[in-house]
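Reader: I'd like to go through the cysteines here with you. Could you take them in turn once the structure is up?

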Amino acid sequence: FVVGGMARKLDEVPLLALQGKETQRVVVDVDGDESNVEVTDETQVRGVALFFSDFLIIVVEFVQFYALFLSLSLHWAWPFSWIAGVNGTQPAFLANVDVWDFIKLRDGAYVAKDAVIYSNSVGLDYLRYIFGWMLGVGAVCCVFLAVWLFFHRKGALSVFIQKAYLRRVVTILAQLVCLPYGIAAARLFHCVRLSPDGQSELVLEVANNVTCQSDEHVVFLVSSGIIFLLGSFVISFWMIWEIRSQLFSPLASRHEGYIELKEAEYSEQMDILWAVGNFFLFSSFKRRFVWYRPFIFFMKCLFVILFASLSSHRTEQIIAMTALCFVLTVFFLIVRPFRLPAFNVLLVISWFILSCYGLLGTLLQLNVESSLLTGVYLEGDLIALSSFAAVVFFSMLVYLILHHFQVCCSTPLWPSLFQPNSSHLDEHTARYMRAILRGRKLLELTYHMAPMLAPAHELSRHIQIINAYCREAEQLRDPIHDTLWDLLDELIEAHSNVSPHSIYSASSKKSVHKIAKELNGLMPEFRHRLDQRDYDFILMSPVKRRMLLKMYVIGTFVNGRAKKLKLKQQTPQIKRRTVAQMDATSSRVSSATFGGSILEDERNESEIEHLVPGDSPASSTLPWMQGGGRGTADSRDDLLREVEEMFGHDTPVDID
């Protein structure tokens, strides 16, 4: 038995007999299976690598969570120079579109922690601001539905890819907008008393002219809350539904093989399931945690709920958020959800830094006395954490760029079946997957060709190769064994359909195969010429067009054969004059193309037949024979090449 990696190093792969049966050795040559059916690198056709979008989402989410802690830090009294100084991190509020806190610090309305802030001093009508948020979300939904209906009514196959791109864009946008909109809507839950003695009525912190639980407040609160909860849960459950519908197996090895197979098929334009099946939702993650994206959606909703409900209990709020960050750090450290190890490191480090931010806020809220939590030392801690995060993210970006352009390493970062040492599959499974892709490519090529030119010999050869791999995979209990059998059935069915019509199965001569390949290359030109002929004879009946074409083809074969035999019997001098006269009349003969006039063809033939001995024109009338029947040396050399090309290099020709 020859199994595993040895099969790639040998010239032959034996079929493996099943256990308990007599071993029968049938040898199949697999050397040429990579040369006849080419499979290109995935980056040359369609991109399936998601590391840049994943990196962007991780970085933006980190900045958004940091902006959330920065908003809470206004009640912890982080150093003011760190929050709103010349080199402060105040612009981080814009990552959450947190215009309230940004303008509050810019206009100087913020004085100290727990100080009463009057909304008229901020210069922002918050109710109009939240109403703009709701209008924006509604406008995006309306545009999405309008574009979706437009693609749906087109009815073309290309709209499936366009719909897939549209879903991907909207999904990424929803992931980035979830937390900012949730924070904006959560501020409607923040009610305060403006009087120092706490005896005044509760009003909105962001709009002091609106009393809490009034009709206006309830309308804004309910409408914004419904949009947030409905949008978050609908998108989350849609993600779960789509991921569940595309899961192939609970086993990690089968899941990895299935993803790499569909990625390779999509990149080779053999299948569009990777796009229309929304593989971008889970193809970046391992099988044990394919639910990462809906899970992060739920976590964002939980942070928003904590931010909204515990506004009057700042200590419990920061303790809960910090504990949640530490739990997520440990959880991601254990689970390691991403297929790429570098992203697991980036994810764990980002949540660990957020946990450290929360820990500093918790210690300040609990009034823990420590020199590290005062003045310059506290600001130094914050600078160290932020610098560490900036270095990690910048290093990761450089690492991704260098790997993508293969500057520092020839191995691509994203797993691929066709790049050495890049696939995460077992060696045998990767070999079987490559054979499956070549078989699929051959099937697609076969069904897109005319039955007469279908590569039946390649189908027969791939049937033997896949049959050998089926036996071997069954013996090794490889998870891709069922897929190999399915491909074998499809190859056999395709071969039985095209074999009676294919010229490759009618003859095994190399010359026949060579002519068939040349004819296959000329088929586009033939098709273009026939289309042009149909356009030229558009006023002629179809029957007459077909008759004219058949007569011309028969005349070309018959007259061409007779003319060739007659010219071979002529002397070299007659051959020389015949070639010259054919060149002189080439402009008239060239008009006899597909669909040309039969009378004009007969007239041209009569002119050529006039060149028989005794009826040929005088040699002095030929331009290259003037001057005593001799031309220049260049003329003789050119004539010799023309005669050799027409009659063959083995025909003796006397130029003089």
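Reader: How far is the sulfur of Cys178 from the closest cysteine sulfur, and in which residue is that one?
Author: The closest cysteine sulfur belongs to Cys301 and lies 4.7 Å from that of Cys178, which is too far for a bond. A disulfide here is a pair of cysteine sulfur atoms within 2.5 Å. This is a predicted model, in which local features need pLDDT of at least 70 and side-chain atom pairs count only at pLDDT 80 or more, whereas totals for chains, interfaces and linings use all residues. Residues are numbered from 1 along each chain as its sequence is written, and side-chain values use heavy atoms, with hydrogens and water left out.

Reader: Is Cys178 buried or exposed?
Author: Cys178 is buried, at a relative accessible area of 6%, where buried means under 20%, exposed over 50% and partly exposed in between, with a 1.4 Å probe and protein chains only.

Reader: OK, how many disulfides does the rule give?
Author: The count comes to one disulfide, formed by Cys191 and Cys212 with their sulfur atoms 1.9 Å apart. This pair links distant parts of the chain, 21 residues apart, with Cys191 in strand β3 (residues 191-193) and Cys212 in the loop between β4 (202-204) and α7 (215-246); helices (H or I, at least four residues) and strands (E, at least two) are DSSP runs, numbered from the N terminus.

Reader: Which handedness does the disulfide of Cys191 and Cys212 have?
Author: The torsion about the S-S bond of Cys191 and Cys212 is about -120°, so this disulfide is left-handed.

Reader: And how accessible are Cys191 and Cys212?
Author: Cys191 counts as partly exposed at 26% relative accessibility, whereas Cys212, at 11%, counts as buried.
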